[in-house]
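Me: I have a new structure open and could use a quick tour. Can we go through it piece by piece?

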Amino acid sequence: FTWPETAGTGINAFNFCKYLYQKSIPFTLLTFNRNLIYKKKEVIDNIKITRIPYFNKSLIHRLISLPLVILYYLKFILGSKCIIIYGGKIIGFEFIILLSKIFNKKVIFQSQLMGVDDIGTLVISRSGVIRSFYKSLFRNINIYFSINNEFSNTYKKIYKDDLKILQIPQGVDTNKFKSVTG
């Protein structure tokens, strides 16, 4: 979830889009619109945001929303060259990876929180056939965007290579956060 919500992952995605905008690289910031509380499309700081309708009031609502979410994913995957997935807590991220590979699109995956959506948690913590599925699924990504050594080392432990790892520290917005020592 991104602006006006302030979830860290959504803000990271928004800030990355600001960078892409400054470099004149086309993009779509795709996010969710829980229970239609926001506009379907909006521009904030020159960033075009498209929100997928998603209803989360009950399990039935979430299940009914899933086909609509997948249709939005398909539409944007078909119109894109590269898909960047910010975190494994995104609804149906597995479909994004699978559809992207079916349609020969590049996939970049960035874990956000160790113990929540890092490759180790998403793969190793599962058992049997499910573990094999997730291990195979993440083998299909083009780049694993790692924000620190722990994420990178976990990826290397599972896949025995580091050719797909791009490790760049996650930045801090110094306009909002100041050092406690300075």
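Me: Let's start with the strands. What is the bridge partner of I44 in β3?
Reply: I44 pairs with I47 there. Keep in mind that this is a predicted model.

Me: How many bridges join β2 to β3, and do they run parallel or antiparallel?
Reply: Four bridges join them, and the two strands run antiparallel. β2 covers residues 41-44, and β3 covers residues 47-54.

Me: What do β2 and β3 form?
Reply: They form a hairpin, with two residues between the strands. D45 sits in the turn and has a positive phi of about 50°.

Me: Switching to charges. How many salt bridges are there?
Reply: The count is one. E42 forms a salt bridge with R51. Their closest N and O atoms are 2.9 Å apart.

Me: Is R51 buried or exposed?
Reply: R51 is buried, because its relative accessibility is 1%. E42 has a relative accessible area of 22%, so E42 is partly exposed.

Me: Now the helices. How many residues does α1 have?
Reply: Helix α1 has 15 residues, running from 8 to 22. From first C-alpha to last, α1 reaches 21 Å. That is close to the 21 Å expected at 1.5 Å a residue.

Me: Which residues of α1 are buried?
Reply: G10, I11, N12, A13, F14, C17 and L20.

Me: And what covers them?
Reply: The cover includes four strands: β1 (29-34), β2, β3 and β4 (82-86). So the hairpin strands come back here, since β2 and β3 are among the elements over the buried residues of α1.

Me: What follows α1?
Reply: S24 follows, and its phi is positive, near 60°.

Me: You listed C17. What does C17 touch further along the chain?
Reply: Leaving out residues up to four places away in sequence, C17 touches F27, L29 and I47. I47 is also the bridge partner of I44. C17 itself lies in helix α1.

Me: How far is C17 from N46?
Reply: Their C-alpha atoms are separated by 9.4 Å. Along the chain, the two are 29 residues apart.

Me: How many disulfides are there?
Reply: Zero. A disulfide is a covalent bond between the sulfur atoms of two cysteines.

Me: Why does C17 have no bond of that kind?
Reply: The closest cysteine sulfur to that of C17 is in C82, and it is 12 Å away, so it is too far for a bond. The cut-off for a disulfide is 2.5 Å between sulfur atoms.

Me: Is C82 buried or partly exposed?
Reply: C82 is partly exposed, because its relative accessibility is 35%. C17 is buried, with a relative accessible area of 5%.

Me: On to α3. Which of its residues are buried?
Reply: Helix α3 spans residues 93-102. F93, E94, I96, I97, L99 and S100 are buried.

Me: What covers those?
Reply: The cover includes α2 (59-78), β4, β5, α4 and α5 (128-139). After α3 comes N104, whose phi is positive, near 55°.

Me: Where is S111?
Reply: S111 lies in the loop between β5 (106-110) and α4 (119-124). S111 is buried, because its relative accessibility is 1%.

Me: What does the side chain of S111 reach?
Reply: It reaches the backbone oxygen of D117, at 2.9 Å. A polar contact of 2.8 Å also joins the side chains of S111 and Y144.

Me: What else does S111 touch?
Reply: Setting aside residues up to four places away in sequence, its contacts include D118, I119, F145, I147 and F151.

Me: And where is Q112 found?
Reply: Q112 is found in the loop between β5 and α4. Q112 counts as buried because its relative accessibility is 10%.

Me: Which side chains does Q112 make polar contacts with?
Reply: One joins the side chains of Q112 and T9, at 3.5 Å. Another joins those of Q112 and N12, at 3.3 Å. N12 is one of the buried residues of α1.

Me: What else does Q112 touch?
Reply: Not counting residues up to four places away in sequence, the residues it touches include Y86, G87, D117, I147 and F151. D117, I147 and F151 are also touched by S111.

Terms used
Residues numbered from 1 in each chain as written. Predicted model: local features only at pLDDT ≥ 70, side-chain atom pairs only at ≥ 80, totals over all residues. Heavy atoms only, no water. Buried < 20%, exposed > 50% of the residue type's maximum accessible area, 1.4 Å probe, protein only. Polar contact = N/O pair within 3.5 Å; in protein donor to acceptor, adjacent residues only side chain to side chain. Contact = heavy atoms within 4.5 Å. Pairing = 2+ DSSP bridges. Expected span 1.5 Å × (residues − 1). Salt bridge = Lys/Arg side-chain N within 4 Å of Asp/Glu carboxyl O.
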